[in-house]
Amino acid sequence: MSRVGVITFPGTLDDVDAARAVRRAGADAVPLWHGDHDLRGVDAVVVPGGFSYGDYLRAGAIASLAPIMREVVDAAGRGLPVLGICNGFQILCEAHLLPGALVANAGMHFLCRDLVLTVENARTAWSSDYATGDQLLVPLKSQEGRYVADAATLDELEGEGRVVFRYRDGAPNGSARDIAGITNPAGNVVGLMPHPEHATSALTGPSEDGAGLFTSVLKATAGLG
C-alpha cells in the first residue's frame, strides 16, 4: 500500500480532511509534523490548507522555512510527488517549488463557494486520472488566493502546458489568466487553490470530483501514472 504523508503546521485546518481523502483513495495516510526532519519513507506528500502560523508575515512564508519543508524540497527535487492545496499552494510558492505567488483576492474579501475547474493538464502525478477538458466541481475558500506572476512566467507556464487547473467561469479571486493550479516542469509538484479533499464524497462535499487527484498519485507511485 502506498504511503502518503500529510503535513501539519501550527494553524493547519485541513490535514484531517486531506488524510481522509488519501485513505478513501486506498493509501495509508502518514502524519508528518512541521518540526521534524523525517518524511518517514512516504511515497508522496500533501501540504494541506489552513492558516499556517496565522498567515503572519505573508501566507505560507514562515511555514516554507519549517524543518519538514527542507526535506520536502530535497525530496521533490528527486521526483517525490508533492501536492499543495490552498495554504499548501502558498507554501510551495514560498519554498520556490512552484513559480509565482498568491496574494489578496481581488476585492479584498474572503471567498467561500463551490465552483468548476477545467483540467488543462492530465499528465502530472496528481492529474493522470482525469482527461484534459474534464470539469471538476470543488470548493474554494481563501483570502489570499489570487495567483500572480510576471508576464514571462505566465507565458512559460502556458507554453509548457504547466497550467493544470483553470477556473472555468473566470477566477472570482482575480487570478492571472484564470489559473487555479500549476505544476513544476517535471510534473511531480502540483499546487492549486481550491480544495479537492473536500470533494471526495457526495455526502460531505459538492461532488466526488476531487478524488482523482489522490487516485492519480497512487498510480504515479506504483509506476502506472
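1. A word first, as it comes up throughout: a residue is called buried when its relative accessible area is under 20%. Keep in mind, too, that this is a predicted model.

2. Let's start with helix α5, which spans residues 211-221. Its buried residues are Gly 212, Leu 213, Phe 214, Ser 216, Val 217 and Leu 218. What do these buried residues of α5 pack against? Two of the partners are helix α1 (15-25) and strand β1 (3-8), and the others are β3, β4 (82-85), β9 (163-167) and β11 (189-192). Just after α5 comes Gly 223, with a positive phi near 80°.

3. Strand β3 deserves a look of its own, since both of its faces are covered. Ala 44 and Val 46 sit on one side, Val 45 and Val 47 on the other, and all of them are buried.

4. Now for the neighbours of β3. It runs parallel to β1, with 3 bridges joining the two; here Val 4 has Ala 44 as its bridge partner. Strands β3 and β4 are also parallel and are joined by 3 bridges. In that pairing, Val 46 stands opposite Leu 83 of β4.

5. Following the chain on from β3 (44-47), you reach the loop that leads to α2 (67-77), and Ser 64 is in this loop. Is Ser 64 buried or exposed? Its relative accessible area is 11%, so Ser 64 is buried. If you set aside neighbours within four places in sequence, Ser 64 is in contact with Met 69, Ile 91, Glu 94 and Ala 95. Leu 92 lies 28 residues from Ser 64 in sequence, yet their C-alpha atoms are 7.1 Å apart.

6. How many aromatic pairs does a search of the whole structure find? There is 1. The ring centres of Phe 89 and Tyr 147 are 5.9 Å apart and the planes meet at 10°, so this pair counts as stacked. It ties together distant parts of the chain: Phe 89 belongs to helix α3 (residues 87-94) and Tyr 147 to strand β8 (residues 146-148), 58 residues apart. Phe 89 is buried, at 1% relative accessibility, and Tyr 147 is buried with a relative accessible area of 1%.

7. Finally, the pockets. The largest one has a volume of about 150 Å³. Its lining includes Asp 17, Arg 20, Ala 21 and Arg 24, along with Glu 197, His 198, Ala 199, Thr 200, Ser 201 and Thr 204. By type, the lining has 2 nonpolar, 4 polar and 4 charged residues.

Key
Residues numbered from 1 in each chain as written. Predicted model: local features only at pLDDT ≥ 70, side-chain atom pairs only at ≥ 80, totals over all residues. Heavy atoms only, no water. Phe/Tyr/Trp six-rings, centres within 6.5 Å; stacked < 30°, edge-to-face > 60°. Helix = DSSP H or I, 4+ residues; strand = E, 2+ residues; numbered from the N terminus. Buried < 20%, exposed > 50% of the residue type's maximum accessible area, 1.4 Å probe, protein only. 1 Å grid on protein atoms, 1.4 Å probe; cavity = no way out; pocket = protein on both sides within 12 Å on 5 of 7 lines; lining within 4 Å. Points joined across faces, edges and corners; volume = space filled by probe spheres on them. Nonpolar A, V, L, I, M, F, W, Y, C, P; charged D, E, K, R; others polar. Contact = heavy atoms within 4.5 Å. Pairing = 2+ DSSP bridges.
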